[in-house]
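Colleague: I would like to learn how to read a model of this kind, feature by feature. Could we take the general idea each time and then the case at hand?

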Amino acid sequence: MERLAGLGLGVDLPDGWEGRIYQRANELVGERRALHAANFALPQARGDYGSGVTETMARDGVFVTLVEFSPENANT
């Protein structure tokens, strides 16, 4: 297992998995953090919810995304 941590987020990735933690500015919601993990190589260009990833993943591929939202969105 490999520990992936940064920006206050962390996850233990199984062997053979790849992950990224990043922060991106968004015009609508400001800055937000996200974590991507997959059992295959992640492409450099990908959207927060997996665009650019899911179109190319194999049938047995697993892609996980965790995207932060502001507290104001907690009940939406």
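Modeller: Let us begin with burial, where a residue is called buried if its relative accessible area is under 20%, and exposed if that value is over 50%. Please keep in mind throughout that this is a predicted model.

Colleague: With those cut-offs, is R32 buried or exposed?

Modeller: R32 has a relative accessibility of 10%, and because the limit for burial is under 20%, R32 counts as buried. The residue lies in strand β4, and for the protein chain as a whole, 28% of the 76 residues count as buried.

Colleague: What does the side chain of R32 contact in polar fashion?

Modeller: The side chain of R32 makes a polar contact with the side chain of D48, at 2.9 Å. D48 is found in the loop between β4 (30–38) and β5 (63–67), and with a relative accessible area of 10% D48 is buried as well.

Colleague: Which residues surround D48, once its neighbours within four places in sequence are left aside?

Modeller: D48 is then in contact with Y22, R24, R32, H36, T65 and V67. The corresponding list for R32, not counting residues up to four places away in sequence, holds Y22, Q23, R24, N26, D48, Y49, V67, E68 and F69.

Colleague: F69 is in that list; where does the charged end of R32 sit with respect to the ring of F69?

Modeller: The charged end of R32 sits over the ring of F69, 5.4 Å from the ring centre. Pairs between aromatic rings are a separate matter, and by the rule applied here their count comes to 0.

Colleague: Let us turn to secondary structure: how many helices and strands are there in the protein chain?

Modeller: The protein chain has 0 helices and 5 strands, so that, read from the N terminus on, its elements run β-β-β-β-β. The C-alpha trace spans about 35 × 25 × 25 Å along its principal axes.

Colleague: How should I think of the way in which strands are joined into a sheet?

Modeller: In general, the strands of a sheet pair through backbone hydrogen bonds, and the pairing is either parallel or antiparallel. In this model, 3 strands form an open sheet in the order β3-β4-β5, with antiparallel pairing.

Colleague: Why is one side of β3 and of β5 left without a neighbour in the sheet?

Modeller: β3 (18–26) and β5 stand at the edges and each has a single partner strand, so one side of each has no neighbour in the sheet. Neighbouring strands of this sheet are turned against each other by 20° on average, if direction is ignored.

Colleague: How many bridges join β4 to β5, and which residue of β5 is the bridge partner of A34?

Modeller: The antiparallel strands β4 and β5 are joined by 5 bridges, and the partner of A34 in β5 is V67. V67 also appears among the contacts of D48 and among those of R32.

Colleague: What can be said of L66, which is found in strand β5?

Modeller: L66 has a relative accessibility of 47%, and because this value falls between the two cut-offs, L66 counts as partly exposed. Not counting residues up to four places away in sequence, L66 touches L9, R33, A34 and L35, while I21, 45 residues apart from L66 in sequence, is 9.4 Å away from C-alpha to C-alpha. For the whole chain, among contacts between residues at least 6 apart in sequence, 29% join residues at least 24 apart.

Colleague: Which strands form a hairpin, and how many residues are between them?

Modeller: The hairpin is formed by β1 and β2, with 2 residues between them. Strand β1 (residues 2–6) and strand β2 (residues 9–13) run antiparallel and are joined by 5 bridges, one of which pairs E2 with L13 in β2.

Colleague: What is the phi of L7 in the turn?

Modeller: Phi of L7 is near 55°, a positive value in a residue other than glycine. L7 has its place in the loop between β1 and β2 and is partly exposed, with a relative accessible area of 42%.

Colleague: As a last case, is E55 buried or exposed, and what does its side chain reach?

Modeller: E55 lies in the loop between β4 and β5 and is exposed, because its relative accessible area of 57% is over 50%. The side chain of E55 reaches the backbone nitrogen of G52 at 2.7 Å.

Definitions and conventions:
Residues are numbered from 1 along each chain as its sequence is written. This is a predicted model: local features need pLDDT of at least 70, side-chain atom pairs count only at pLDDT 80 or more; totals for chains, interfaces and linings use all residues. Side-chain values use heavy atoms; hydrogens and water are left out. Helices (H or I, at least four residues) and strands (E, at least two) are DSSP runs, numbered from the N terminus. Buried means under 20% relative accessible area, exposed over 50%, partly exposed in between (1.4 Å probe, protein chains only). Contact means heavy atoms within 4.5 Å. A polar contact is a pair of N or O atoms within 3.5 Å; within protein, one must be able to donate a hydrogen and the other to accept it, and residues adjacent in sequence count only if both atoms are side-chain atoms. Two strands pair if DSSP finds at least two bridges between them. Rings of Phe, Tyr and Trp (its six-membered ring) pair if their centres lie within 6.5 Å; planes under 30 degrees apart count as stacked, over 60 as edge-to-face and the rest as tilted. A charge sits over a ring if NZ of Lys or CZ of Arg is within 6 Å of the ring centre and within 35 degrees of the ring normal. Axes are lines fitted to C-alpha atoms, for helices over the stretch in contact, and angles run from 0 to 180 degrees between N-to-C directions.
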